[in-house]
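This briefing is intended for a reader who is beginning to study protein structure. Please view the sequence and the model together while reading the points below.

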Amino acid sequence: MENLSRRKALTLGVALGLVGVANPGAAWASTGSGTKTAAGTGPEWIWDDAADPLMASMLDGGHVPAINTAWASWVNNDDPLPGGLPAEFAAYLRQVNRLPSWADQAKLTRAADFNRRRDTYLFMLYGLGSGIMSTVIPREAKSVYWSAGGADMQDRAAKTFTFGYDLSELGAFKPTGQFVVTANKTRVVHAAVRHLLPQSPHWRAVADETVPISAADILVTFHSLGTYVHRKLLDWRIPYPAADQEAFLHSWQVAVHLLGVPREHIPRTWAEAERQSAQVLTPILSPSTEGIRLAEELLGLTAQIDLGVTRGFLNEFVRYVLSDEVGDWLGLKRDYASAALVRTAWPAYVLFREGLSPVMPGTFYMFDQFVRALAMLFLNKGSSGTTTPITIPTGNRAA
Ligand code: HEM
């Protein structure tokens with residue numbers, strides 16, 4: 001089950017809209033010109049030289065609870081660094097907590113505006129598409145499951161969604177925005193996980209790598225988020241001019257950079273991203289015990305909230321955005337009436353919303369309620385009204 005055949009990978013790639021020639025041997029060959037693919041030099045051999053040793057020493061020195069307390073109030077990009085941080089940790093943040101010199105504010109502003117205009121589709125695609133896809137990315141599923149956060153998926157899903165939400169805010173990259181801080185907190189969490197997970201006997205028993213979350217793994221996840229959403233927006237015929245496409249890519253390039261991936265490995269164009277995605281994401285998608293449990297938890301918790309739809313509808317929506325093959329892997333029970341509804345009414349809803357069809361589908365309000373409820377659920381904003389804080393774990397999931 002771990003490896004799909006080439007033919008299956010291609011079929012799945014078509015279903016996900018991530019088409020291309022899957023050739024794992026040349027996994028990173030289509031990335032930036034500086035990319036080396038020889039063993040030991042590609043992004044699968046890069047972790048985070050700046051953050052990893054620091055977080056190992058912060059964890060071993062018992063400083064993490066104090067950091068978590070101190071940085072709770074550190075939210076906006078222009079907030080001064082909080083007091084109470086160990087000097088070494090504060091020095092690190094001072095170095096990295098800024099946009100790269102190549103960041104283009106005009107494109108970032110356009111990306112933010114695009115995110116606002118397209119938030120309905122982005123919530124659906126990130127939440128149900130990318131979110132559930134992450135459970136069939138075996139390395140991600142296994143590390144998320146066995147890390148501390150895996151024990152409380154609602155909280156974790158909300159925190160992960162914070163990343164997407166802060167990225168999508170109008171002024172995300174501006175001094176008053178929050179994304180640079182959120183990305184840096186995430187980078188530090190990943191560095192902590194690289195130190196902690198190798199100490200988990202559960203993770204070691206199922207992992208196919210000695211240290212998790214390489215730059216290559218981060219790029220795979222980027223493709224399950226940005227590249228996948230980009231492709232789906234095109235498939236759904238959402239108006240998506242070239243300038244929006246470029247801006248959306250640029251915001252992701254900056255985001256992936258802030259997570260510590262060297263620039264030469266970050267795709268420069270959507271064409272390059274799609275090629276890379278076909279090579280490194282589509283062929284590795286497969287079920288795992290951990291992934292199946294995570295998907296069940298994620299979909300189960302969404303079913304607890306009244307989304308205005310049944311669990312059967314939810315299952316079929318996931319099948320619609322990710323393919324029946326993925327739905328079967330995850331054991332999502334069929335609901336053929338909902339399947340027919342999703343496949344006919346969703347495209348009609350999109351066309352009407354976009355002013356491409358004058359006919360309002362009878363199910364318009366049902367879909368509208370569904371997308372709003374889903375957004376609220378993932379954002380966890382229904383009750384708190386504030387951004388869910390990201391905290392550094394100090395241990396792993398016990399069992
Ligand atoms: C934590 C986002 C890639 C595994 C987080 C958090 C965010 C995030 C926002 C903090 C929220 C939380 O504590 O749950 C991202 C983004 C990625 C990415 C945007 C790439 C574009 C990856 C990859 C893996 C991974 C490739 C593993 C293969 C984890 C784990 C945690 C985490 C294990 C810690 C959960 C815990 O607290 O126990 N990530 N991530 N992430 N991420 Fe990622």
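The points that follow treat the chain as a whole, then the ligand site, and then selected helices and residues.

The structure is a predicted model. Its protein chain contains 19 helices and zero strands. Of the 399 residues in the chain, 55% count as buried. Among contacts between residues at least 6 apart in sequence, 76% join residues at least 24 apart.

**The surroundings of the ligand**

- The ligand is surrounded by 23 residues, of which Ser 147, Gly 149, Arg 156, His 190 and Thr 221 come nearest.
- Sorted by class, this shell consists of 11 nonpolar, seven polar and five charged residues.
- The iron atom of the ligand has His 190 as its only protein donor, through the atom NE2 at 2.1 Å.
- His 190 itself belongs to helix 9.
- An N or O atom in the side chain of His 190 also lies 2.9 Å from a nitrogen atom of the ligand.
- Two backbone approaches involve ligand oxygen atoms: a backbone N or O atom of Gly 149 is 2.6 Å from one oxygen atom, and a polar backbone atom of Ala 148 is 3.3 Å from an oxygen atom.
- Two or more residues of the shell come from each of helix 7 (138–146), helix 8 (153–168), helix 9 (179–196) and helix 11 (215–235).

**Helix 7 and Ser 143**

- Helix 7 is mostly covered, since eight of its nine residues are buried.
- These buried residues are Pro 138, Glu 140, Ala 141, Lys 142, Ser 143, Val 144, Tyr 145 and Trp 146.
- Ser 143 is a member of helix 7, and Ser 143 counts as buried because its relative accessible area is 10%, below the limit of 20%.
- When neighbours within four places in sequence are set aside, the contacts of Ser 143 are Leu 197, Trp 203 and Pro 212.

**Helix 4 and its two faces**

- Which residues of helix 4 (residues 87–96) are buried? They are Phe 89, Ala 90, Tyr 92, Leu 93 and Val 96.
- These residues lie on the same side of helix 4 because they cover an arc of only 160 degrees around the axis.
- The face turned away from this buried side carries the exposed residues Ala 87, Arg 94 and Gln 95.
- The cover over the buried residues of helix 4 includes helix 2 (51–60), helix 3 (64–71), helix 9 and helix 12 (242–258).

**Ile 218 in helix 11**

- Ile 218 is located in helix 11, and with a relative accessible area of 8% Ile 218 is buried.
- Apart from neighbours within four places in sequence, Ile 218 is in contact with His 190, Arg 194, Ile 213, Val 256, Leu 259 and Val 261.
- One of these partners, Val 256, is 38 residues from Ile 218 in sequence, while the C-alpha atoms of the two are 7.7 Å apart in space.
- Another of these partners is His 190, the residue that acts as the only protein donor of the iron atom.

**Asp 48 in a loop**

- Asp 48 is found in the loop between helix 1 (6–16) and helix 2.
- Is Asp 48 buried or exposed? Asp 48 counts as buried, at 4% relative accessibility.
- The side chain of Asp 48 makes a polar contact with the side chain of Arg 187 at 2.7 Å.
- The side chain of Asp 48 also reaches the backbone nitrogen of Ala 51, at 3.1 Å.
- Beyond neighbours within four places in sequence, Asp 48 is in contact with Pro 53, Arg 187, Arg 194, Leu 259 and Gly 260.
- Arg 194 and Leu 259 appear among the contacts of Asp 48 and also among those of Ile 218.

**Two loop residues with positive phi**

- Ile 213 has a positive phi of about 60 degrees, although Ile 213 is not a glycine.
- Ile 213 lies in the loop between helix 10 (201–206) and helix 11, and Ile 213 counts as buried at 15% relative accessibility.
- Arg 237 likewise has a positive phi of about 60 degrees without being a glycine.
- The loop that holds Arg 237 runs between helix 11 and helix 12.
- Arg 237 counts as exposed because its relative accessibility is 57%, above the limit of 50%.

Definitions and conventions
Residues are numbered from 1 along each chain as its sequence is written. This is a predicted model: local features need pLDDT of at least 70, side-chain atom pairs count only at pLDDT 80 or more; totals for chains, interfaces and linings use all residues. Side-chain values use heavy atoms; hydrogens and water are left out. A residue is near a molecule or strand if one of its heavy atoms lies within 4 Å of it. A polar contact is a pair of N or O atoms within 3.5 Å; within protein, one must be able to donate a hydrogen and the other to accept it, and residues adjacent in sequence count only if both atoms are side-chain atoms. Helices (H or I, at least four residues) and strands (E, at least two) are DSSP runs, numbered from the N terminus. Ala, Val, Leu, Ile, Met, Phe, Trp, Tyr, Cys and Pro count as nonpolar, Asp, Glu, Lys and Arg as charged, and the others, Gly among them, as polar. Buried means under 20% relative accessible area, exposed over 50%, partly exposed in between (1.4 Å probe, protein chains only). Contact means heavy atoms within 4.5 Å. Donors are N, O and S atoms within 2.8 Å of the metal (3.2 Å for Na, K and Ca); water is not among the atoms, so sites may look incomplete. The arc is that of the directions from the helix axis to the C-beta atoms.
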